[in-house]
Structure formats: structure tokens, C-alpha cells
Amino acid sequence: MKQGGWASLTLIYLYGVVSAASLTKAIPLQAPISDLPGATVALFGLYISLMAILPAIFGTMSGAVIDRLGARPALILAALIGALVNGLYMVAGSFAGFEVIRVLEGAVPLLIYAAAPALMIATSTPERRSAAMALWSSYTPVGTSLGLLISATVADGDHWRYAYLMHGAVFALLVVLGLALPKAAAVPVAPAGARRSILALLRSPQGAGPLRLATSFGVLILLGLGVSVVMPPYLASHFHMSIGAASGIMAITNIVMILGSVLGGVFLTRGVQPATLFRGLAVVGTVAGFGVFAPWTRMGLTLSSLVIWLICTGAAMAVLAALLPTVAGPAHRASTAGLLSQTGALTTFIPAPLWLSVARP
């Protein structure tokens, strides 16, 4: 596969999409998972957030290791882990087993969210790099929609575990396709290893940039995860539909975040300052966010507010992704991406169950 070509960049992007599906595929399965031995509805929010444990603890460190060892092997390994853990879900007989597997499943985003953007930056030409990162910024809405659609097709039946079978099969395909990924040379790092690489990143003159970028990214992930978690049951309850139908609606509306990513890229290429654009998106997104959960009696008003909010979120993600190559040098690309992943995990681990408890339908 040609290095830096759109075929290879799209394949790298698909790793992010399929990984993001790992989070939301469980949402339409709330009822059958909550019926497992040892489970309760109250524990479901905690179950969702368990996937964030490994990225929350090791996110930046994994990026530093990938900076040394290479992103291509990390992506193939992540896909292999994804296939295996989804196979384990097929045979787990208790909620405790699901919880353990969910923690292990966190190894997938731990590797992919650091390795994929680093490989895209390393293998794309300078002229194509901005477009590649704009593409990468849309992995979240596409992935969350994929996860919802996979499970929505079986959520209301007896074969709900087939969602894990389908997801595992996609990961297995990525293992094979990963052999065609381009190779990027590992960047030499001081012998002290990953820990020193992390400290070097944070102590460097550019260290404030990655920290600000990671904080902004964490806020967007916090908001996006909360809406993705609560909207299917919210729509199902308020507008009297099945959870499968509500999940399908949420999956379709999530796709408009891609439009937001495109619009964000257009504004940036036309000279709009990232900070100015980000502030404007924050204002419009805040107003739309109130509309999402306003007590409308018509579903069209709720969905219209949701679409505007998702467009703003997608555009904001594009702004942050476009800044990634500029805030870290070649030696810290995966470290910075790992820092973003770790911050996102930290901001979702505790708040995820809170969204379900506060925003009950």
C-alpha cells in the first residue's frame, strides 16, 4: 500500500472508527446486560466507563512507547486484542465477567488513539496532512454510529451477543489489512525510555500546547460521551419508541458531525484563527445543548437542536485535530496523541455513570 496515499490514510482512519464503536455498541444492549447475573441497571453506567481505565492510567506512556517502537505494529496488535475480547463477550456468563473484559477492551483505544494519528502524520505529505487530520477528527461520530448500528440490529432480540460477534469480525479483518499498512521509522528517544519521553514533552517549551489541547479534547469527549449515552434511552422514553429504534436515530444523527468536521476545515483553510473559531463554536454549541434536553413535545425540535450541537462538536474536533501536528515535534507525536487519549479517558471514567443518573428520562 502506497505510503501517504488516501488508501493507506483511510485504512488508518478505520482503526479509529472501529475502536470508537467499542464504546457505544454496549448502549443499545443495556437491558440484556443489566439482566446478567450480578448486574443492576444502576451499575450499567459504571460498566460503560470501565473501558477508560487503561487509557486513563497508561495513555501518555503508551504514546511514548509507540514513538519508539512504531505505530504500525501497535495498530495490528490493537486489532488483534479487539477480536479476542469480543470473542470473550460471546462466552461470558456473568456481569463480573463482562466487567473484566470491558477493562481489557480498553487496551484497544489505548493503542489506536495514540498510534493512528501518529502514523497518519508520519506518512502523509505536508500538503495532505491537514486534510488527513480533518479526516481523523471524524472518527468519533462515525465510530459511535457504527457501534450503535451494530447493536441496534440485535438489541431487541434473543441474539444480542451477535453484536460482539460482528464487531470482533471487523477487528479480525483489520488484523489482516494491517499487514498492508505503510511502515514509518521509529523516532529515536533517549535511553531512559517512555517515562523520560513524557517528562520531556511536558517540560519542553511546547509542553503547554499539548496540555491545552488535551484539556479541550477532554471536555469535548466528556460532552460527546454523555449525549451518546443518554440520548437513546431519553428518546425511547419521551417519544415512546424501542431502544433499538432510538439507537438507530442517534447513529444517523451522529453522522452530521462529519459535516461539522468539513466545515471546521473549510474555515481554517480560509484563514480563520483556530481560537476564534473554537470560541464561536462553544457559544453556538452551548445554546444548542440547552435545546437538546428542553422539554419539547415534538421530536423534530429535539433532533434539530441535536444536529446543530453535533455540527458544532464535529467542527471543534476538527480544530483540535488540525492543531495536533503543530503543538508537538516529530519525537512526541504519539506521546501527544496519547496524552489526548489519556485526558479523554480521565474525563469519561467518573462522569459516564453520572450522565445516566442525572439525565434520567
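Is F98 buried or exposed? F98 is buried, with a relative accessible area of 0%. The legends below start with the whole chain and then move to close-up views, one of which returns to F98. The model shown is a predicted one.

**Figure 1. The whole protein is built with 18 helices and zero strands.** The protein has 361 residues, and 54% of them count as buried. Many contacts reach far along the chain. Take the contacts between residues at least 6 apart in sequence: 83% of these join residues at least 24 apart.

**Figure 2. Y47 and F98 form an aromatic pair.** The count of aromatic pairs comes to ten. In the pair of Y47 and F98, the ring centres are 6.3 Å apart. The angle between the planes is 45°, and the pair is tilted. Y47 belongs to helix α3, residues 44-49. F98 belongs to helix α6, residues 95-105. The two residues are 51 apart, so the pair links distant parts of the chain. Y47 counts as buried, at 0% relative accessibility. F98 also has a relative accessible area of 0%.

**Figure 3. Y47 and F98 sit in one aromatic cluster.** The other members of the cluster are F44, Y89, F95, W160 and Y164. A charged side chain joins the scene at Y47. R102 lies over the face of the Y47 ring, at 5.2 Å from the ring centre.

**Figure 4. K25, R102 and E105 are joined into one salt-bridge network.** Side chains of opposite charge can pair when their charged atoms come close. The count of salt bridges in this model comes to two. E105 forms one of them with K25, and the closest N and O atoms are 2.6 Å apart. E105 lies in helix α6, while K25 lies in the loop between α1 (6-24) and α2. These parts are 80 residues apart in sequence, so the pair ties them together. Both E105 and K25 are buried.

R102 and E105 also meet in a salt bridge, at 3.3 Å from N to O. Both of these residues lie in helix α6. They are three residues apart, about one turn of the helix. An α-helix has 3.6 residues a turn, so residues three or four places apart point the same way. R102 is buried, and so is E105.

**Figure 5. Helix α7 is largely enclosed by the rest of the structure.** Helix α7 runs over residues 107-123 and has 17 residues. From its first C-alpha to its last, the helix reaches 24 Å. That is close to the 24 Å expected at 1.5 Å a residue. Why call α7 largely enclosed? The reason is that 16 of its 17 residues are buried.

**Figure 6. The largest nonpolar core has 51 residues.** Y15, L75, I112, W136 and Y139 have the most contacts inside this core. Helix α7 gives the largest share of the core, ten residues. What does W136 touch, leaving aside its neighbours within four places in sequence? W136 is in contact with I12, Y13, G16, I112, Y113, A116, P117 and M120. A second, separate core has 41 residues, including A39, Y89, A163 and A246.

**Figure 7. P37 lies in the loop between α2 (30-34) and α3.** P37 counts as exposed, at 53% relative accessibility. Leaving aside its neighbours within four places in sequence, P37 is in contact with G93, S94 and F95. The C-alpha atoms of P37 and A96 are separated by 8.2 Å. Along the chain, P37 and A96 are 59 residues apart.

**Figure 8. N254 is a buried residue of helix α13.** Helix α13 covers residues 243-254. The relative accessible area of N254 is 1%. Which residues does N254 contact, leaving aside its neighbours within four places in sequence? They are P141, T144, S145, L148, S228 and L310.

**Figure 9. H240 has a positive phi although it is not a glycine.** The phi of H240 is about 55°. Most residues other than glycine have a negative phi. H240 lies in the loop between α12 (208-238) and α13. H240 is exposed, with a relative accessible area of 72%.

How values were computed: Residues numbered from 1 in each chain as written. Predicted model: local features only at pLDDT ≥ 70, side-chain atom pairs only at ≥ 80, totals over all residues. Heavy atoms only, no water. Phe/Tyr/Trp six-rings, centres within 6.5 Å; stacked < 30°, edge-to-face > 60°. Helix = DSSP H or I, 4+ residues; strand = E, 2+ residues; numbered from the N terminus. Buried < 20%, exposed > 50% of the residue type's maximum accessible area, 1.4 Å probe, protein only. Lys NZ or Arg CZ within 6 Å of the ring centre and 35° of its normal. Expected span 1.5 Å × (residues − 1). Core = buried A, V, L, I, M, F, W, Y, C linked by side-chain atoms within 4.5 Å. Contact = heavy atoms within 4.5 Å. Salt bridge = Lys/Arg side-chain N within 4 Å of Asp/Glu carboxyl O.
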